[in-house]
Amino acid sequence: MMFSNYKSGGLYKSLRAFSLLLICMFFTATFTPQVASQDGATQVIPVRSGQHAGFSRVVFDFTGPITYDLVQNDLSLVITLPQAVNFAWGGLAATPLAEVSAPQSSTNGGQTTITLQLAANSSSRHFMSGNSLVVDILAGQPPAQVVADVVGTTSSHNDEQENASASTTEDSGAVGQTPTAVLQPAIVAPRQQSQATQTEGALVVSVASITDGINLTYPWLDDVKLAAFERGGYLWVAFDRSLDVDNTAIARLAGEQAARIAVPEIMDSENSLVMRYAVRENQSVRVSKAGNSWSVSLIDTLAKPRRPLDPIREMVGNVGGRISVPVSDAGPVIELEDPVVGDTIFIVTLPEESTGLAQKFQYAEASLLETAQGIAVVPVIDTLIIERFTGGLSISSREGMSLSRSALGQAMLGGAFVDEVSEDPPQAQEVTAPARLIDINAWKLGPNYEYKRHEAQLLANISAADPEERNPARWDLARFYVAHERAAESLGYLGLMLEENPTLESNPSYRAVRGIASHKMRRNREALADLMIRELDLEDYAGLWRSVVFEELGQYDETLKHFWDGRDVLGSYEPKLRADFQLAAVRAALELQDIDNAQQELDFLSGQELTAKQISEVSFQRARLAELRGNEDEALTIYDDLITAPERWLATRARYARVKADLKLGNITPENAIESLERLRYAWRGGEFELQLLEDLGTLYFAQENYEKGLSSLWIGVAYFSDTLKAKQMRGQMSQVFKELYLEGVADKLSPITAIGLFYKFRLLTPSGAEGDLMIRNLSRRLVALELLEKAAELLNYQVRVRYKDQPIAQAQVATRLAKIFIMDAKYDHAIEIIRSTRFGDLPADIENARNHVEARALILLEKYEEAEILLERDRSEIADRLRSDVYFGGRDWPRLVTVNENLLSADPSTLNNLDGPDRLLLIRTAVAMNFLEDNQGLTTLRRQYGALMRTGQFANSFDLLTTQADLSISEIGDVVAEIASIARLQSFITDYQDDFQGEAS
């Protein structure tokens, strides 16, 4: 349906634009007032003047901010400046002005007075543009009240006129420049109201400073559409409603704000509100919406529409080309003349915020301007046609547009089909509506009983065609097959066409047919890739096919969205196909619990010519709807009737729905429900039904704390139906359960063997990063605490070899923890091997030192004391000294043992209340070494310093023996060494390492 049809003006507009250009170039600037500078020199300040249509303009170009006072009498205008300035007026005489004559200036007491003689019945307006004072004398109008806009200063005139306003729609273009306007003073512009909806009678525009710019807000009381764009130094703002507008807030702008934007000119448009603001250059326009209130911002940073529109060049049968812009709910086309350029602009408002063209599109027949919101078309030819359709905007010409036509498309039935570029000019023919790219009825070529005859003829056409001309004949057969539910054959011929002509991949007609055929083969991902190309966005019929594809993929929001886009053309389809589209929408609506829309479509299905299968499904969907409404008895009755239906797929779904309803009502236990659903898995396989069944089983198993079966059920659904939205949701559910097990401690309720087995079976669910690390730490911590060291080692080895094989630092850290477990399990060689196999250069110093300490511990336990000492050679930390103590004790290096132990026991014993286990071990080892060295004085000192602390507790008797009895035998000392060795082995690393694993969980 065509809502509006507009034709551009004519040659006179181009001539008028040229005339305006000549007028705007008619300016002079030759005057030299004397102004004292800081160094006493005289500066030359130019004065410019020019005659415009309806007013005369005089511009004083000062070199800095000024203040002034202006008073208009009947036939004169007096401007007072608070400084001494001299003016020469010869240039003004050289450029005659209609409304101004006899300029004079005088200086008295440090002030300057300028007097301009005015024509009768003239009025004035004045404002600052940067450092320039602009004075306009308007012909034949009463004096207007204006608000002076003095940048950076205050003036008596500004104070007196603070709340004044005036009416004007005059252009304020800058002197000497055609397209760029000098910013005007603020004006409240009344206009005749038409179709207004605001009870206050005026749209009050508010202004606010924002980061890097300003924001204009238009607070409409109801929903209106907007277009906004910048052209030639002007910001255009257009609404699809007409209303008075109050721009008082803009009138009071000053400083940086006033430099950005001026009061708008209200354009003459009967049923719309269009404002044209003069704006500073190098600003971007941004549009947003909150409720019914629109905001238009001018900012210094780059801004593009958030919903960029992309015009599509299309061929329409044999008539030539058109430009299509995919939009929805476009407003009426507004035709206006640009006062500066003199050409015509067609403006289309849009309802969704930030929907516009991110760049300018230039065609031979028209230009589509860059917009922040809406669409703006500037015609180049007089025969341009702009048409609105439900799916977008179409721009064409009665003579055809200069776009490439399709030689192959001319030989096909219906629709545009780009095969090759033709140099022939398009034929002149009026375009009345967009062509249909999808027309199942036309593709059938007739009723089903004529199928064989048509197929034979199409095959004969292919056989008779020359090899290089077979694609048109194949195209007819491919569409014929897809229309008759023979999708596999259709795809075969489409594939042959593509092999011969790869450019078909970019053709919307080809992609549409292939997408439908792929859907019928249940290749829905491939179908979606074809049907979702932007060239099909304007095709209402494509929306219906998109909807059924999305429904089979479980994306129900998208299903309804595209169904609404295409449901207006449902009546053109035969009843069976029409009902298939509607039933897909019903299923999606019920999944979303959208009761109203489901009921509406079921009502539409009533009385239609349906197949037996469709009649049964309508009954089934009515039962589901009744259940959602709380009518369980009605729903259960229908389900029971359908359980014996001849369609097995429907009977299975009825049984499933009955089980779910009984579980909800408490008629069966969860265990009974699980048993029934498991049986149903073998009654019908595949599709959304099996996926939903698996999701329900998983949820029930989790409620019974049977995590293995629950995860297994979901795993099957994810593996078999990975391309569906529900499968992605199920994977998220699995990940959440896995986190609860191994991050939130739920797995602690399971036996260690069950916990580790479950982890290994579903270890692919382990998240990457810190959460995954913490899971494995928690599990390994538990295994270490239960002394299941081999299982803990297997767990960390998986991390080292698989999870972190490409992450050297993380791999090195986990390898260190694994080495500790090997040491606790007395597998010292394994510990050294895992440390050395994960050795990388440039590891952080703390990680490298920690790895060296663990390796040194393993070497000490293997009695490789020299290797351990070399490994610790440059390490001066306390832990390294304690390891050296072990090295020296094991290697019987008594002198160095005494030295290192004395360093470790450097604290004053008199300040200690007790000694911990490691320090007691150091002390007893020191006593042993002194006995071997026969250092009696050292032993006496040890007893004096530590005797009281060692009177009780671990090693008390041995310390007393070693420090009080002289001439102990080697055998006696050996007994002490044997006693402390077994204790030291346990204390020095196993307890410390276990504590390390306990600490990792925090």
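I take contact to mean heavy atoms within 4.5 Å, and I take helices (H or I, at least four residues) and strands (E, at least two) as DSSP runs numbered from the N terminus. The model I am reading is predicted, so that local features need pLDDT of at least 70 and side-chain atom pairs count only at pLDDT 80 or more, while totals for chains, interfaces and linings use all residues. Residues are numbered from 1 along each chain as its sequence is written, and side-chain values use heavy atoms, with hydrogens and water left out.

**Entry: helices α18 and α19**

I looked first at which residues of α18 meet α19, and found Glu632, Leu636, Tyr639, Asp640 and Leu642 on the α18 side, facing Leu650, Ala651, Ala654, Ala657, Arg658, Ala661, Asp662, Lys664 and Leu665 on the α19 side. Sorted by class, this contact holds nine nonpolar, no polar and five charged residues, where Ala, Val, Leu, Ile, Met, Phe, Trp, Tyr, Cys and Pro count as nonpolar, Asp, Glu, Lys and Arg as charged, and the others, Gly among them, as polar.

For the geometry, I noted that α18 (residues 632-642) and α19 (residues 648-665) pack at an angle of about 145°, their axes being 8 Å apart. The axes are lines fitted to C-alpha atoms, for helices over the stretch in contact, and the angles run from 0 to 180 degrees between N-to-C directions. The crossing of α18 past α19 is left-handed, a term that applies if the near helix is turned anticlockwise from the far one by less than a right angle, with right-handed used if clockwise.

I then checked Ile643, which sits in the loop between α18 and α19. Ile643 is partly exposed because its relative accessible area is 29%, the scheme being buried under 20%, exposed over 50% and partly exposed in between (1.4 Å probe, protein chains only). Leaving aside neighbours within four places in sequence, Ile643 is in contact with Ala651, Ala654 and Arg655, and its C-alpha atom is separated by 9.9 Å from that of Ala657, 14 residues apart along the chain.

**Entry: the whole protein**

I counted nothing by hand here: the protein has 36 helices and 32 strands, and buried residues make up 52% of its 1002 residues. Of the contacts between residues at least 6 apart in sequence, 61% join residues at least 24 apart.

**Entry: nonpolar cores**

I use nonpolar core for a set of buried Ala, Val, Leu, Ile, Met, Phe, Trp, Tyr and Cys residues joined through side-chain atoms within 4.5 Å. The largest such core has 90 residues, and the members that touch the most others are Leu711, Leu741, Tyr742, Val928 and Tyr946. Helix α27 (residues 808-824) gives the most to this core, with nine residues. A second, separate core has 53 residues, including Val548, Phe563, Ala589 and Leu602.

I followed Leu741 further: not counting residues up to four places away in sequence, Leu741 touches Tyr707, Leu711, Val746, Ala747, Leu750 and Leu758.

**Entry: helix α32**

In α32 (residues 894-904) I found the buried residues to be Trp894, Leu897, Val898, Val900, Asn901 and Leu904, and these pack against α31 (878-890) and α33 (917-932).

**Entry: two positive phi values**

Most residues other than glycine have a negative phi. I therefore marked Glu934, in the loop between α33 and α34 (936-946), which counts as exposed because its relative accessibility is 67%. Glu934 has a positive phi of about 55° although it is not a glycine. Phe955, in the loop between α34 and α35 (956-964), has a positive phi of about 65° and is likewise not a glycine, but Phe955 counts as buried because its relative accessibility is 5%.

**Entry: Ala227 and Asp723**

I looked up Ala227 in strand β15 (residues 226-231), where Ala227 is buried with a relative accessible area of 0%. Not counting residues up to four places away in sequence, Ala227 touches Trp236, Val237, Ala238, Ile347, Val348, Thr349, Gln373 and Gly374. The C-alpha atoms of Ala227 and Glu353 are separated by 9.6 Å, with their positions 126 residues apart along the chain.

Asp723 is found in the loop between α22 (707-720) and α23 (725-742), and counts as partly exposed because its relative accessibility is 31%. Not counting residues up to four places away in sequence, Asp723 touches Arg525, Leu553 and Lys728, and from Gly554 Asp723 is 169 residues apart in sequence and 9.6 Å apart in space, C-alpha to C-alpha.
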